[in-house]
Amino acid sequence: MLKQIEGSRAVAEAVGLCRPEVICAYPISPQTHIVEGCAELIRAGTIQHCEFINVESEFAALSVAIGASAAGARTYTATASQGLLFMAEAVYNAAGLGLPIVMTIGNRAIGAPINIWNDHSDSMALRDAGWIQLHAETNQEAADLHIQAFKLAERLSTPVMVCMDGFILTHAYERIAMPDQAQVDAFLPSYQPRQVLDPADPYSIGAMVGPEAFMEVRYLAHDKLLQALSVIPEIQQEFKEIFGRESGGLFHRYRLEDAETVVVTMGSLAGTVKDMVDERRADGVRIGVITLCSYRPFPLDALRRALQGAAKVIVLEKSLALGFGGVLATDVRMALHGVDTLVHTVIAGLGGRPITRKSLARLFGRVERGELKDPHFLDLDLDLVRREIDNQRNQITAGPIAENILRDIGPRATKVG
Amino acid sequence: MSDMTAEQKVKFYQKGTFTVGNRLVDQARRSVQASMERSNAITSGHRACQGCGEALGARYALDTAMRATKGQLIAVNATGCLEVFTTPYPETSWQVPWLHSLFGNAPAVASGVAAAMRVKGRQQVRVVAQGGDGGTTDIGFGCLSGMFERNDDVLYICYDNEAYMNTGVQRSSATPPTARTATTPAIGPEPGNVFGTGKNLPLIAMAHNIPYVATASVANLHDLERKVEKAMAIRGARYIHIFVPCPLGWGSAGHDTIRIARLASECGLFPLFEAAHGEVTGSLPIRHKVPVEEYLRPQKRFAHLFKDDDGSARIARLQRMADANIKRFDLLRDVEETPL
């Protein structure tokens with residue numbers, strides 16, 4: 001059924017259709033509307049046989065989820081940004097215990113300076129924790145990925161994060177084809193835990209493993225994520241057969257035929273990039289887009305094949321490894337190891353900085369003219385940055401950088417384009 | 001010689017007190033440990049130190065909980081000595097389903113298990129969460145307070161040995177003033193842990209108005225069992241704080257664990273009481289009051305107190321703390337010989 005609906009609400013309803021048994025959450029922007037939706041659907045009786053637990057922190061949220069999942073309940077939670085970092089220890093633990101928890105990340109920057117707007121720093125910080133990380137491009141996909149996520153998590157007995165851009169997706173109203181209960185029931189079997197806490201068959205779960213076996217246990221966790229590289233497309237296909245649409249998979253391809261330049265990106269940004277690609281194509285430029293859905297596991301081989309014909313790759317990412325450079329770009333370079341392809345790292349949209357068509361047009365032009373230095377920071381105000389670098393150099397007690405920068409900018413609205 | 005033995009007044013400590021099994025008293029008043037049919041939540045062969053109070057406390061507490069639930073029990077464990085000495089894979093001492101997640105989240109994990117049981121209509125399966133004092137009063141405190149506040153159906157048991165023993169005896173917020181630990185060494189102008197710090201978790205638990213809070217001691221195993229049994233008959237958040245001496249961390253003899261635990265309560269430093277919905281409902285009176293010195297002296301962690309006048313002044317200060325407990329919980333009231 002088509003609905004004009006907020007992204008968060010669509011996710012809450014999609015999660016509800018998956019017949020979750022325990023939902024626990026601690027509020028954090030921009031995740032709040034999702035868990036508010038879940039709470040309301042449970043109270044209203046729309047989601048039945050489900051416990052909603054208001055906890056005192058994100059660390060507790062995921063810990064409650066760990067207990068519930070280990071006791072055999074289908075379990076869901078959601079968080080973002082500082083919340084994800086606050087639960088970091090439990091994020092690793094849930095994966096290590098092999099618990100198929102599904103968690104939404106409303107992707108948001110990490111402070112300081114505190115910032116509630118979108119980028120991918122949060123989920124990137126936990127990319128190596130052993131969770132599958134899927135990124136939604138649209139709200140339709142966000143809703144669909146949650147339904148797929150439970151199946152994926154439970155098939156592999158591994159937790160899944162569904163990442164969706166904070167505010168840009170979570171708070172956007174769009175027309176979404178909402179699945180119905182019969183479809184979801186046909187797609188998603190009931191949860192059969194691989195291990196469960198049961199007095200009739202007592203297991204000890206979570207005991208210590210020493211150097212004699214830790215490598216092997218860790219390798220198996222790695223192997224499980226690699227298995228997901230084939231399970232994700234299988235589930236994408238199973239989903240298509242029941243729901244009739246393409247959602248999920250390892251990555252989406254857009255106008256890759258004969259493309260000399262390929263933009264590789266993740267999340268909602270792909271929409272703007274596709275529009276730009278259409279424009280460039282109309283001007284005769286051979287350019288296409290790959291939108292990664294599965295960031296962990298990272299589809300090295302499939303990406304390498306997909307990028308085979310490209311001479312230039314522009315990795316457009318909303319993350320920055322401080323003191324190093326691009327995060328996604330590094331992974332893409334790994335996929336292209338030994339291949340003579342020029343890879344540009346473009347860091348964009350940090351802390352919610354809008355990524356406009358104008359900026360992208362400028363960027364693509366510079367790439368076409370071979371003017372881009374690596375890494376490139378899209379729309380970075382270099383003069384402003386240089387003034388503050390001088391300021392810091394000239395006086396030891398220069399004060400907080402963030403405050404100085406904002407004083408320098410003066411009473412100007414958020415920089416756009 | 002035999003005549004002298006005959007004349008010697010033999011004191012049967014197993015009778016009329018709360019020591020192992022109470023085998024010398026009638027059947028009804030015996031401890032579960034005296035029964036051939038007793039449950040066995042933690043089996044032998046684990047790696048606890050000789051004289052470990054925590055191993056003893058945990059076995060009695062969980063055996064009782066198992067009996068009270070007819071084996072329908074799931075245990076959640078915080079990181080710590082108990083977790084380490086009972087489990088390294090592929091060995092386990094646990095005869096109940098057991099889950100260890102992290103150091104600071106056992107109460108929340110237990111809430112999750114309880115929620116799963118509730119949603120699956122298996123409320124007969126009960127949940128016990130447990131941790132040491134560090135896992136409870138410090139790093140797990142947020143999750144514990146949350147579990148209390150939500151009144152989740154979990155019995156949380158803290159095995160209090162008054163420091164971080166698993167990591168090598170560092171101070172926790174349950175470490176008493178003057179005690180020497182690796183991070184409060186017995187040197188300088190104020191040797192050992194300082195006065196005016198620490199938190200009393202049973203009282204904090206009471207402030208959450210949860211249905212049941214109790215303190216217990218491995219010196220009073222019958223009382224401990226009674227409290228766990230009582231707790232398991234109640235739904236909602238419950239808290240039992242068990243005093244468990246640690247020979248390694250306290251510098252006491254392994255065979256003195258029970259004696260030291262008894263002295264802690266008999267001197268008033270560790271009062272045994274119960275509370276329901278925020279109100280104290282009862283306490284275990286002191287039977288033979290002793291000065292705090294008797295409790296402090298057998299422990300090397302307090303040895304520095306017995307070296308000079310300054311130490312004596314600090315002992316006097318500890319005595320005032322004990323006296324305040326005695327007054328607060330009315331521990332010297334007249335009672336019949338056997339309070340139970």
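The exercises below concern the domains of chain A and two of its residues, Gln148(A) and Gly267(A).

The model is predicted, so local features need pLDDT of at least 70 and side-chain atom pairs count only at pLDDT 80 or more, while totals for chains, interfaces and linings use all residues. Residues are numbered from 1 along each chain as its sequence is written, chains are lettered from A and ligands numbered from 1 in the order in which they are written, and side-chain values use heavy atoms, with hydrogens and water left out.

**Exercise 1.** Describe the interface of domain 1 and domain 2 of chain A.

Solution.
- Step 1, bounds: chain A is divided into domain 1 (2-243), domain 2 (251-377) and domain 3 (387-417); such bounds come from an automatic or database domain assignment.
- Step 2, contacts: 26 residues of domain 1 of chain A contact 26 residues of domain 2 of chain A, where contact means heavy atoms within 4.5 Å.
- Step 3, area: the two domains bury about 2,000 Å² between them, 57% of it on carbon and sulfur atoms. Buried area is the accessible area (1.4 Å probe) that two parts lose on being put together, summed over both. In domain 1 of chain A, Met124(A), His135(A) and Glu137(A) lose the most area to domain 2 of chain A, together 31% of what that side buries.
- Step 4, charges: there are 3 salt bridges between domain 1 of chain A and domain 2 of chain A, a salt bridge being a side-chain nitrogen of Lys or Arg within 4 Å of a carboxyl oxygen of Asp or Glu. Lys318(A) and Asp165(A) form a salt bridge through their side chains (3.7 Å, N to O).

**Exercise 2.** Place Gly267(A) and decide whether Gly267(A) is buried or exposed.

Solution.
- Step 1, place: Gly267(A) sits in the loop between strand 11 (261-266) and helix 10 (269-282) of chain A. Helices (H or I, at least four residues) and strands (E, at least two) are DSSP runs, numbered from the N terminus.
- Step 2, accessibility: Gly267(A) counts as buried because its relative accessibility is 1%; buried means under 20% relative accessible area, exposed over 50%, partly exposed in between (1.4 Å probe, protein chains only).
- Step 3, neighbours: residues up to four places away in sequence aside, Gly267(A) touches His135(A), Ala136(A), Glu137(A), Asp165(A) and Thr291(A).

**Exercise 3.** Do the same for Gln148(A).

Solution.
- Step 1, place: helix 7 (residues 139-156) of chain A holds Gln148(A).
- Step 2, accessibility: at 3% relative accessibility, Gln148(A) is classed as buried.
- Step 3, neighbours: beyond four places in sequence, the contacts of Gln148(A) include Phe187(A), Ile235(A) and Ser247(A).
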